[in-house]
Amino acid sequence: MQTEQELFNYIKERYLKDLIKSADQYDYYDCTSTLYRLHIELKCRHKHYDELLIEQDKYKALSRHAEHLGFTPFYVNATPQGIYAFNLRKITVKWTTKKLPAKTEFEDQGLIDKTVALLPVGQAVQL
């Protein structure tokens, strides 16, 4: 998967026929399944890592919004070695601060401190 749109289409075609994209591209989630009561954040990575990064702000906002609706928050990552779906209710995260780019989409934005967790792919469901 090269893009989040391709990942969205793949999940919709194979697993969640009722999947709907979020209304705003800046929402803390990318799509929702009302039938399965899921709030999902999608991420495409061009390199495979055995632990996949999630920012604390995104984790908290995704979890809070899902809980408010009575949904389950999911974090789905596509890498060259597969697609990994994390049920954020079922995993324990350990937070750490790392120097990371301010924005992932733009070059030369500098590094800032971000609170993140590394999610082992072994704790995910592979799609």
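Helices and strands here are DSSP runs, numbered from the N terminus. With that settled, the picture for this predicted model can start from the helices. Helix 1, residues 4–14, lies across five strands: strand 1, strand 2 (31–33), strand 3 (38–44), strand 5 (72–79) and strand 6. Against strand 3, helix 1 runs at about 135°. Helix 2 (residues 56–69) lies across strand 3 and strand 5, and its angle to strand 3 comes out at about 155°.

Now for the sheet itself. Six strands make up an open sheet in the order 1-2-3-5-6-9, and the pairing is mixed. Strand 1 (20–21) and strand 9 (125–126) sit at the edges; each has a single partner strand, so one side of each is left without a neighbour in the sheet. For strand 9, the pairing with strand 6 (residues 82–87) is antiparallel and runs over two bridges. One residue pair to look up in the structure is Tyr-84 with its bridge partner Gln-126, the latter in strand 9.

Then there is the second largest pocket, which holds about 170 Å³ of space. Its lining is made up of Ile-11, Tyr-15, Leu-16, Leu-38, Ile-40, Phe-74, Val-76, Ala-85, Val-125 and Leu-127. Strand 3 and strand 5 each supply at least two residues of that lining. As for chemistry, the lining splits into ten nonpolar residues, no polar ones and no charged ones.

Conventions:
Residues are numbered from 1 along each chain as its sequence is written. This is a predicted model: local features need pLDDT of at least 70, side-chain atom pairs count only at pLDDT 80 or more; totals for chains, interfaces and linings use all residues. Side-chain values use heavy atoms; hydrogens and water are left out. Two strands pair if DSSP finds at least two bridges between them. Helices (H or I, at least four residues) and strands (E, at least two) are DSSP runs, numbered from the N terminus. Contact means heavy atoms within 4.5 Å. Axes are lines fitted to C-alpha atoms, for helices over the stretch in contact, and angles run from 0 to 180 degrees between N-to-C directions. On a 1 Å grid over the protein atoms alone, a cavity is a set of points where a 1.4 Å probe fits but cannot get out, and a pocket is an open set with protein on both sides within 12 Å along at least five of seven lines; lining residues have an atom within 4 Å of a point. Grid points are joined across faces, edges and corners, and a volume is the space filled by probe spheres set on the points. Ala, Val, Leu, Ile, Met, Phe, Trp, Tyr, Cys and Pro count as nonpolar, Asp, Glu, Lys and Arg as charged, and the others, Gly among them, as polar.
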